[in-house]
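Here is a short report on one protein model. Look over the structure first, then read on.

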Amino acid sequence: MATGLAGVLGVSTHRIATFAGDKGKAIVTSIFVFVIVSLSDNTPKQLLEMAHERLLTIIIGTSIAVFVSICLRPVWIGQDLHNQIAANIEKLSQFLEGNFGKMGTLSWTVHGNLLGLCAYKIKALSVYLLHPAQVRYELGRIIVDNERDVENAAECLKSVLRRNPWDGDQVEIMAATTVASLLIDVENICEAVDEVASLDRVTSSWNKAEESTNKCMEVVVTDTEAKGSSSPAVVKRVIDVFWHEGMLKHEAGNGVFDSGKDPGFLDVLDKHPENADRIRNMVSILKRGPISPYISWNIGQPALIPQLLSFHTPEYINELVEADKEGGKMICAGTFLNPGSWDAALLAAGTTLSAMKHLLDGHGKVAYALVRPPGHHAQPSQADGYCFLNNAGLAVQLALDSGCNKVAVIDVDVHYGNGTAEGFYGSNKVLTISLHMNHGSWGPSHPQTGSVHELGKGEGYGYNLNIPLPNGTGNNGYSYAFSELVVPPIQKFDPEMIVLVIGQDSNAFDPNGRQCLTMDGYREIGKTVNLLATIHSDGRLLIVQEGGYHVTYSAYCLHATLEGVLNLPFPLLPDPIGYYPEDESFPIKIIESIKKFQNEEVPLLRSS
Ligand SMILES: [Zn+2]
């Protein structure tokens, strides 16, 4: 308050002194100082001592600053500045040379934004260097001369730096400081782009693959829309969906979530999470949603008992047949075979086999078996986790029996695809990759842990790759897991057929999972897997439905996955609820540790 008052007094005195003219100013100021000194408790001697102390403090502080600037840290001139700028330009040149060539398809939006920002900064740099006061700099000429040839510019910049252009006068150094400041911005952007590029880890083959995807998926051209119309022909891609409404007849009952138990004190019980409603919505969204023009419907059919024996043991199948004859029972925790369930299970298996046969016979490239009850937990001799028959496993075996030498299974259901893994645990013809919540074993029906150490056995060692992800992994985490842990082994394995085992229970709102994917994440998964199929399996991709228990959002995530598979240039359906804050730092650490382990342990990944 005292300081403020003193300020007000000072300003007021100055104003009065100004009005008084040149002579009056001196008189007014003298009177003011005299009054202040008279009113204060300090004697003139004390005032002089105080002024002396203040002056000394200022001189010492200034001396230290000058000493540090000149002797200890002369950043504003000389080699340090040169090195700093050189490092930044080097980064810029690497960025210009590298990132334009290896830009991926997975995060174009992010790339686009960063590139836009970078272009803005580079433009600012070139405008600054074009200014008449600084145009003499060779660096400026290089950027201007090579405005349209960034790679050449990068080379020129490097060669100039080797000659050290900063040994100039003070004006040049000041100019260089401005250049450095702009380059620091560019450096930050380059680092961000590098980070995104490393998340994508896509090679130039991806760009070629995308082109070829566009070609191979363009299977139907509607003549009616093309003829007699000034608009260009409408090109449609198609996914062959295999479905039979008889699968809706499986009812797993009500209870506390999936337990089938009624404690007696709850007025309202849950429908079992694996209920018909979730599938009804998946059917209806494909029939009436924006993706419907891209869907071709095919009727599924029940599997025959002998067909089941290609994956399951006769004893196990007999157990299920007997259970059905006896009117049904709980086969294992949460897994209820009720009247109608066995027929639905046979339909699910047979419908998936029909979808695979459709591909094997060359009638289509992408088929989706929209089936329930799900199957990926069903082991050769054991039901588990709402699953009786392993629909995907049966389809994989059909592909092998039909002459396919290598089949890759990518399972993104939130739970470990233990049944499929178990079925091909000793085979080097089937590469099973499962991305799942790190839930571990859950009892006698699910003894497998899903850990990275379960790699297969015998010839199949290294052909079962588990990717247990932490809760909340989210879209970015999954994207990173795909680029680091899914794409590389698929590229090494080079499958002739790819099976995507899809569960929407990895979504952010699923009652059975905590992985926090949204529609964007599923869309990207669909796109990536389809690109892998285009590169490796002549586009042949079988998608098999597994879990996904949020009755409405699961349907949206299915829609998004198939949009991705279709490689559509923009989303057809906005996400109605999918906002989720992400923190991928922890999942990325886990993914890095899995990558390190697999690269050391898995022969397939070690081989060149
Ligand atoms: Zn699941």
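## A buried aspartate

D413 is buried, with a relative accessible area of 1%. That value falls under the 20% cut-off, so D413 counts as buried. Keep in mind that this is a predicted model.

D505 is buried too, with a relative accessible area of 0%. What do D413 and D505 help to coordinate? They are among the donors of the zinc ion.

## The zinc site

The zinc ion is coordinated by D413, H415 and D505. D413 appears twice, each time through an OD atom. H415 gives its ND1 atom, and D505 gives an OD atom. The distances run from 2.0 to 2.7 Å.

Along the chain, the donors follow the spacing D-x1-H-x89-D. D413 and D505 are 92 residues apart, and the pair links distant parts of the chain. D413 lies in the loop between strand 10 (407-411) and helix 16 (418-423). D505 lies in the loop between strand 13 (497-502) and helix 18 (519-536).

## The site's geometry

Is the site of the zinc ion regular or irregular? It is irregular, with angles of 53 to 156° among its four donor atoms. A tetrahedral site needs all angles between 85 and 135 degrees, so this range does not fit.

## The whole protein

The protein has 608 residues, and 49% of them are buried. Its secondary structure comes to 21 helices and 14 strands.

Take the contacts between residues at least 6 apart in sequence: 76% join residues at least 24 apart. The accessible surface comes to about 28600 Å². Carbon and sulfur atoms account for 58% of that surface.

Terms used:
Residues are numbered from 1 along each chain as its sequence is written. This is a predicted model: local features need pLDDT of at least 70, side-chain atom pairs count only at pLDDT 80 or more; totals for chains, interfaces and linings use all residues. Side-chain values use heavy atoms; hydrogens and water are left out. Helices (H or I, at least four residues) and strands (E, at least two) are DSSP runs, numbered from the N terminus. Buried means under 20% relative accessible area, exposed over 50%, partly exposed in between (1.4 Å probe, protein chains only). Contact means heavy atoms within 4.5 Å. Accessible areas come from the Shrake-Rupley method with a 1.4 Å probe; for residues, only the protein chains shown count as cover. Donors are N, O and S atoms within 2.8 Å of the metal (3.2 Å for Na, K and Ca); water is not among the atoms, so sites may look incomplete. Four donors count as tetrahedral if all angles lie between 85 and 135 degrees; four count as square planar and six as octahedral if opposite donors are over 155 degrees apart and all others between 65 and 115; anything else is irregular.
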